[in-house]
Amino acid sequence: MAKEVWRPGNMLYPAPPVMVSCQRPGEKPNIITVAWAGTICSDPVMLSISVRKERHSHSIIKDTGEFVVNLTSKKLAFAADWCGVRSGREYDKFKEMKLTPLPSQKISAPGIEEAPVNIECKVKQILELGSHDMFIAEVVSVSVDEKLMDDKGRLDLGKAGLVAYSHGEYFMLGEKLGKFGYSVARKPLDKEKSKPAGKKASKDKSWKDNKSKDKSGKKKNRKEK
Ligand SMILES: Cc1cc2nc3c(=O)[nH]c(=O)nc-3n(C[C@H](O)[C@H](O)[C@H](O)COP(=O)(O)O)c2cc1C
């Protein structure tokens with residue numbers, strides 16, 4: 001595979017374009033869209049968001065030590081983009097985007113009612129990295145839309161219609177490819193079950209062919225990397 005070599009740049013994609021809500025007591029709540037966000041620890045449960053110092057939300061989160069990460073669904077994609085190009089200094093983003101502040105369980109900052117998942121966070125550490133400060137935070141409560149539960153009470157996050165951000169563009173998550181550990185599971189992957197809930201298996205097998213053949217149509221050596 002021929003490669004172009006580029007100077008260093010942020011290319012860790014897809015990223016989650018989450019809507020981070022925050023509020024200074026007595027002021028209107030705000031929303032900042034953040035793609036530089038990540039899971040960083042399981043015990044205690046922790047995540048990080050990286051925010052430029054000049055953002056209106058930066059000082060709110062720094063002063064209050066709290067924020068809510070709201071996952072972005074297809075229905076929220078327009079609002080997520082808008083909240084990412086307009087500042088809370090000039091706009092009431094909840095009002096403009098017709099979003100509802102959702103009282104949180106463990107913190108004062110509200111979440112976004114319309115988001116499928118709300119992750120309440122308390123800031124533990126701020127790392128000054130350069131252009132961005134990284135807020136390292138502990139997750140103190142998670143609220144999930146009841147409609148995302150299957151009949152056995154398990155979360156089916158595939159139903160949420162989550163959005164990914166990749167190199168300046170938004171995408172819906174696509175076809176389910178397998179479950180955690182499926183590569184080493186004894187039973188072969190059940191293709192029907194690997195499709196999104198409620199959909200029949202597609203007859204399009206091109207994904208399979210692309211994996212096993214090179215451009216000339218010849219089968220690839222499996223050990224080749
Ligand atoms: C998809 C997307 C991702 C973004 N990711 C970040 C980010 O990770 N960190 C950041 O500081 N700004 C990010 N921004 C920009 C802020 O969301 C934007 O500057 C916003 O207007 C700040 O709002 P505020 O001034 O009300 O805090 C992103 C914008 C978009 C559209």
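**A friendly note on this predicted model**

1. Let's start in the middle. In this predicted model, the largest nonpolar core has 36 residues. Those with the most contacts inside this core are Met19, Val20, Val34, Phe67 and Val69. Strand S1, residues 18–22, gives the core its largest share, 4 residues. As a rule, nonpolar side chains in soluble globular proteins tend to be buried together.

2. Now pick out one member of that group, phenylalanine 67. What is phenylalanine 67 in contact with, once its neighbours within four places in sequence are left aside? The list is Val20, Ser21, Cys22, Ile61, Ala109 and Cys121. Val20 also appears with Phe67 among the core residues with the most contacts.

3. A step back gives the overall layout. The protein has 4 helices and 11 strands. Of its 225 residues, 24% are buried. Look also at how the chain folds back on itself: of the contacts with a separation of 6 or more, 58% join residues 24 or more positions apart.

4. Helix H1, residues 56–64, deserves a slow look. Which residues of H1 are buried? They are Ser57, Ile60 and Ile61. Viewed down the axis of H1, these buried residues fall within an arc of 95°, so they line one face of the helix. A general point helps here: an α-helix has 3.6 residues a turn, so residues three or four places apart point the same way.

5. What lies over that face? The cover on the buried residues of H1 includes S1, S2, S4, strand S5 (66–70), strand S8 (117–128) and strand S9 (132–144). Right after H1 comes glycine 65, with a positive phi near 70°.

6. Isoleucine 60 makes a good worked example within helix H1. Why does isoleucine 60 count as buried? The reason is its 22 C-beta neighbours inside 10 Å, since 20 or more are needed for a residue to be called buried. Beyond its neighbours within four places in sequence, isoleucine 60 is in contact with Cys22, Gln23, Arg24 and Asn30. You can also compare sequence with space: isoleucine 60 and serine 21 are 39 residues apart in sequence, and their C-alpha atoms are 10.0 Å apart.

7. Next, the ligand. There are 22 residues around the ligand, and His56, Ser57, Gly84, Ser87 and Gly88 come nearest. Ser57 is a residue to remember, as it is also one of the buried residues in H1. By type, the shell around the ligand divides into 8 nonpolar, 9 polar and 5 charged residues.

8. Which elements build that shell? Strand S2 (30–34), strand S4 (46–52) and helix H1 each supply at least two of its residues. S2 gives the most, with 4 residues.

9. Glycine 84, one of the residues nearest the ligand, sits in the loop between helix H2 (77–83) and helix H3 (93–96). Is glycine 84 buried, exposed or partly exposed? It is partly exposed, because 15 other C-beta atoms lie within 10 Å. Glycine 84 and threonine 33 are 51 residues apart along the chain, yet their C-alpha atoms are separated by 4.7 Å.

10. A few backbone details are worth checking on screen. Most residues other than glycine have a negative phi, and most peptide bonds are trans. The bond from tyrosine 13 to proline 14 is cis, with omega near 0°, and proline 14 lies in the segment before S1. The bond from aspartate 43 to proline 44 is cis too, again with omega near 0°; proline 44 is in the loop between strand S3 (37–41) and S4.

11. Two residues other than glycine have a positive phi: lysine 98, near 55°, and histidine 167, near 50°. Lysine 98 is in the loop between H3 and strand S6 (101–102), and is exposed because it has 8 other C-beta atoms within 10 Å. Histidine 167 is in the loop between strand S10 (163–166) and strand S11 (169–172), and is exposed because it has 10.

12. Finally, how far does the predictor's confidence go? The protein averages a pLDDT of 88, and 83% of the residues score at least 70. Over residues 197–225, however, pLDDT stays under 50. For that stretch the model has 12 contacts beyond four places in sequence.

Technical notes:
Residues are numbered from 1 along each chain as its sequence is written. This is a predicted model: local features need pLDDT of at least 70, side-chain atom pairs count only at pLDDT 80 or more; totals for chains, interfaces and linings use all residues. pLDDT is the predictor's confidence in each residue, from 0 to 100. Two residues are in contact if their C-beta atoms, placed from the backbone, lie within 7 Å. A residue is near a molecule or strand if its C-beta atom, placed from the backbone, lies within 6 Å of it. Ala, Val, Leu, Ile, Met, Phe, Trp, Tyr, Cys and Pro count as nonpolar, Asp, Glu, Lys and Arg as charged, and the others, Gly among them, as polar. A residue is buried if 20 or more other C-beta atoms lie within 10 Å of its own, exposed if 12 or fewer, and partly exposed in between; C-beta atoms are placed from the backbone. A nonpolar core is a set of buried Ala, Val, Leu, Ile, Met, Phe, Trp, Tyr and Cys residues joined through C-beta atoms within 7 Å. The arc is that of the directions from the helix axis to the C-beta atoms.
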